[in-house]
Amino acid sequence: METCIMSSPLGYTKIVGDANGISEVIVLNSEESITDIIPIELEDCVIQLQEYFEGTRTKFDLNLNPQGTEFQNKVWKQLEQIPYGKTFSYLELSRQLGDIKAIRAVANANGKNPLWIIIPCHRVIGSDGSLTGYAGGLHRKQWLLEHESPYKQQRLF
């Protein structure tokens, strides 16, 4: 497995993958040394993440290889269907997967998503519109949703 660290507006980002695809993209809560030479297997991922943060990419086109259970992979595939700039509730996601009673299992699988931003778990919110749980921190979830919003809000302070 190849690994690299890149800088993003939300912190240092670790990317892991190989010829079979990208298996992990996580935001780190500590300072890390940025990788000088990006492994060829990770170059497209770094470029596409940079384009996303610049606002020029709304959809990722990468070979993905997340490691999870059959159910987790099913949830992650469904997350990939949530369009840029849109949100779904955990309940809606459970309905789409065919079992509204699985809402907690869906939320758990969502929280274990190993491909930060690329599999857009940040687009899943509470049924009441609230920002609920996010492994990267709610401040990052809010930033990502604002970044993707077609309605740009000015900050007063």
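**Group meeting: a walk through the 157-residue model**

Let me start with residues 6–65, where the end C-alpha atoms lie 20 Å apart and the span is 25% helix and 30% strand. Before going further, please note that this is a predicted model. I picked that span since the UniProt annotation, from an unreviewed entry, places "domain: Methylguanine DNA methyltransferase ribonuclease-like" on residues 6–65. The name is the record's, and annotations of this kind may be inferred rather than shown by experiment.

Now the protein as a whole. There are five helices and five strands. Reading from the N terminus, the order is β-β-β-α-α-β-α-α-β-α. The radius of gyration is 16 Å, close to the 15 Å that the globule rule gives for 157 residues, so the protein is as compact as a globular protein of that length. The C-alpha trace spans about 45 × 45 × 25 Å along its principal axes.

On packing: of the 157 residues, 43% are buried. If you take the contacts with a separation of 6 or more, 56% of them are between residues 24 or more positions apart. The accessible surface comes to about 9,200 Å², and carbon and sulfur atoms hold 49% of that. As for charge, I have 15 positive and 19 negative side chains, with the centres of the two sets 12 Å apart.

Next, some single residues, going along the chain.

Glu 32 sits in the loop between strand S3 (21–27) and helix H1 (40–54). Is Glu 32 buried, exposed or partly exposed? Its relative accessible area is 35%, so Glu 32 counts as partly exposed. Leaving aside residues up to four places away in sequence, Glu 32 touches Ile 5 and Tyr 12. Tyr 12 is 20 residues away along the chain, and its C-alpha atom is separated from that of Glu 32 by 6.6 Å.

Further on is Ser 89, in strand S4, which covers residues 88–89. Ser 89 is buried because its relative accessible area, 8%, falls under the 20% cut-off. What does Ser 89 touch, not counting residues up to four places away in sequence? The list is Val 124, Ile 125, Gly 126 and Ser 127. Strand S5 is residues 124–125, so two of the names on that list, Val 124 and Ile 125, belong to strand S5.

Leu 91 is in helix H3, residues 90–96. With 26% relative accessibility, Leu 91 is partly exposed. Its contacts, again without residues up to four places away in sequence, are Ile 100, Ile 103 and Ser 127. Ser 127 is 36 residues from Leu 91 along the chain, with 6.7 Å between the two C-alpha atoms. Ser 127 is therefore on two contact lists here, that of Ser 89 and that of Leu 91, by the contact cut-off of 4.5 Å between heavy atoms.

The last one is Ile 117, in the loop between helix H4 (103–111) and strand S5 (124–125). What is there to say about its backbone? Phi of Ile 117 is near 70°, a positive value in a residue other than glycine. Most residues other than glycine have a negative phi. Ile 117 is also buried, with a relative accessible area of 1%.

To recap the single residues: Ser 89 is buried and so is Ile 117, while Glu 32 is partly exposed, as is Leu 91.

Definitions and conventions. Residues are numbered from 1 along each chain as its sequence is written. This is a predicted model: local features need pLDDT of at least 70, side-chain atom pairs count only at pLDDT 80 or more; totals for chains, interfaces and linings use all residues. Side-chain values use heavy atoms; hydrogens and water are left out. Helices (H or I, at least four residues) and strands (E, at least two) are DSSP runs, numbered from the N terminus. The radius of gyration is taken over C-alpha atoms; the globule rule is 2.2 Å times the number of residues to the power 0.38. Buried means under 20% relative accessible area, exposed over 50%, partly exposed in between (1.4 Å probe, protein chains only). Accessible areas come from the Shrake-Rupley method with a 1.4 Å probe; for residues, only the protein chains shown count as cover. Lys and Arg count as positive and Asp and Glu as negative; His and the chain ends are not counted. The place of a charge is taken as NZ of Lys, CZ of Arg, CG of Asp or CD of Glu.
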